[in-house]
Each structure stands twice: as structure tokens, then as C-alpha cells.
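Student: Could you take me through one part of this model up close? I'd like to see how a pair of neighbouring helices is put together, and then hear about any enclosed space.

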Amino acid sequence: MPSAFSNLTKNAQWYLEQVDPAKPAEAFTWQMLAARSYLALGQAKPASALFQQLQKQAKDPAQKAQLQLLQAHLLLAQGHANQALILLEGKPEAVLDADTQKDWYRQRVVLQLDINNKFGAAKSLIALEPYLNQSEQATNHQQIWSLLKSMTPSTLQALEEAPAPDVTTGWLRLAALVNEFGAQPNLLARQLAGWKRDFPNHPAQKDMPAGLGDLAATASTSVQQIAVLLPLSGNLEPQGAAIRNGMLMSYKENQGRFTLNFYDTQSKSTGDLYKQAIQEGADMIIGPLLKDRVEELLKANPTVPVLALNE
């Protein structure tokens, strides 16, 4: 039979018809599915009635944890997002099936992003990783990277909670390396080699984000001029400025080794900026930041190494 948080394929009435009082464990799961089906249709009242019945039936830690997750869904449906998040952040140690784990962390990510808690959402995505298949993991890595890439190196360092090879610390340090050494591709390549030694089993080893996996192979001492494509005006100016400022701090320590030029991706199309950068002598590109801008740049078939800041 399906698990309590597997994909819904039937209506609530069908699930309730499967309930057999002689099989209490299965009856609990069928009722959970029915309650979720009601919620999917926006029917909070019958879902709440089922929840009250299930409170009397929950016996083992796994059932109690599933009921806690259902309660979070109910609270969210009733407009109590903050209370729902409190429940989801208090995740019990019970052994849960993969469907329940995935639903728990995905719901928590949504609520954490609603309050702009990027680090909390990134941690939830990292915790979600073991329950995903390979294709889902690739998307998960992109989401983690997008949440961490705009933070300053000092912020990322302050967020570390455990030493290497902790997975969360690995993501934080990877993002910090790009922000701190992004203006020094050769040094960044060496730093990445050290990161790989410190985090040998990290998920990003096989799926390095934003072209980092190719950097070590393409970076060379021949880089003389770097074009940095960032949003330096408009709504995304704060994110672009944070990355630019981190690069400039690093650049000041390496003056004379190369030239660093910034281009505002909000002022022209990415294709036009690429042509301008090449005409002005760029032999490497860092950026763009937005996914659609990255896609636009790749359509131009760049002839120089690109360290994108997004997938």
C-alpha cells in the first residue's frame, strides 16, 4: 500500500473506503491520505476532523511524526504559516519513510523562503538530499547554490556549524571560495583543489555548480583580462554589488596580474555584453548571475572560459 505522504492518486472518499478497523496501521495511513486529499481540494474542515480522529490512533513515533506533518499542512491551509514552520522545525528523531521525509523538508523550504531565511532553506535542501533520485539531486544542488551564492564570505564563514567534512560546511565554503577568489581564476582553481581534499565525499564533487568543475582544467596563468557580468542596477543591484565588492577586495591584493572589468547585465543584452567584452580583450568571463542570462550567454558559444554564477 502507499505511504501516508506518497503522491495522491484518488479522492478522499476512495481512501476512506479502504479503511479496515482490523488493520489499524493500514487504517491510519488510509485516513492520512484521505485528510491530505481533502486539503488538496481546499477542504480544511473534513481534514481537521480526520486529524482529530488520528490523534487518538497514533501509537508509534513514526505515526506521531506523520501526524505532526499533517498538522503543519492544516495550519498552513488555515493561514497560520508561522505556526506551521515551528512544527516543521521541530522535526522528531523517528525513522520515517522517504515520502514523508521529502514532504517534510520541501514544505519547510517553502515556509523558510517565505520569511527570507535563505540559510535555513539551504539546510533543509541539504537534509533532503539523501531521499532524492539522481535527477532530483541535480535540481536540488542548483537550488542550494542559488541560495548561498549571494552571501558574503564572512557571512558564509559565520554560518559554519561543524568542521569539514560536514556537508553543509562544504556548501558554505564552496560558495565562499567563489565570492572571495572569483576575481582570481588561477587561485580559485587551486582553492577548489583544496576544497576537494577537505570534502572528499561531498555531493558537489560529482555535480559541481556553475562551471566550477571545469575551472581547474581551463584556468591558466595566461588569463590577463576578466569580464564580470553582474546586475549592477535595478532590483538585483544589491546581490550584484555584494559579489562585485567581494571580488574588488580580492582584486586589490592582486593588482598588476590581470585586469578586471565589470559589465551591467541590466543595461544591455548578454549577447551584446559578451561581444563588447571580447572586443575589449577579455580572455575569461565571470557571470552572469541570472539563469536566463547564463542561457543567453551560452547561446553565443563563448570562446573563452566562463565561470557562471548560476546554472
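Tutor: A quick definition to begin: helices here are DSSP runs of H or I with at least four residues, numbered from the N terminus. Keep in mind that this is a predicted model.

Let's start with the helix pair. Two packed helices are described by the angle between their axes and the distance between the axes. For helix α7 (residues 118-128) and helix α8 (residues 134-148), the axes come within 9 Å and cross at roughly 160 degrees. Angles over 145 degrees count as roughly antiparallel, so that's how α7 and α8 lie to each other. The crossing of α7 past α8 is left-handed.

Who does the touching? On the α7 side you've got Lys 118, Phe 119, Ala 121, Ala 122, Leu 125, Ile 126 and Leu 128, and they meet Asn 140, Gln 143, Ile 144, Leu 147 and Leu 148 of α8. Sort the residues of this contact by class and you get 9 nonpolar, 2 polar and 1 charged.

Now the enclosed space. The count comes to 1 cavity of 30 Å³ or more, and the volume of the largest cavity is about 40 Å³. Its lining is made up of Trp 145, Lys 149, Ala 175, Val 178, Asn 179, Ile 243 and Leu 309. Helix α10 (residues 167-181) supplies the largest share of that lining, with 3 residues. By class, the lining of the largest cavity splits into 5 nonpolar, 1 polar and 1 charged.

Notes:
Residues numbered from 1 in each chain as written. Predicted model: local features only at pLDDT ≥ 70, side-chain atom pairs only at ≥ 80, totals over all residues. Heavy atoms only, no water. Axes fitted to C-alpha atoms, helices over the stretch in contact; angles between N-to-C directions. Helix = DSSP H or I, 4+ residues; strand = E, 2+ residues; numbered from the N terminus. Parallel < 35°, antiparallel > 145°, perpendicular 65-115°, else oblique. Left-handed = near helix turned anticlockwise from the far one by under 90°. Contact = heavy atoms within 4.5 Å. Nonpolar A, V, L, I, M, F, W, Y, C, P; charged D, E, K, R; others polar. 1 Å grid on protein atoms, 1.4 Å probe; cavity = no way out; pocket = protein on both sides within 12 Å on 5 of 7 lines; lining within 4 Å. Points joined across faces, edges and corners; volume = space filled by probe spheres on them.
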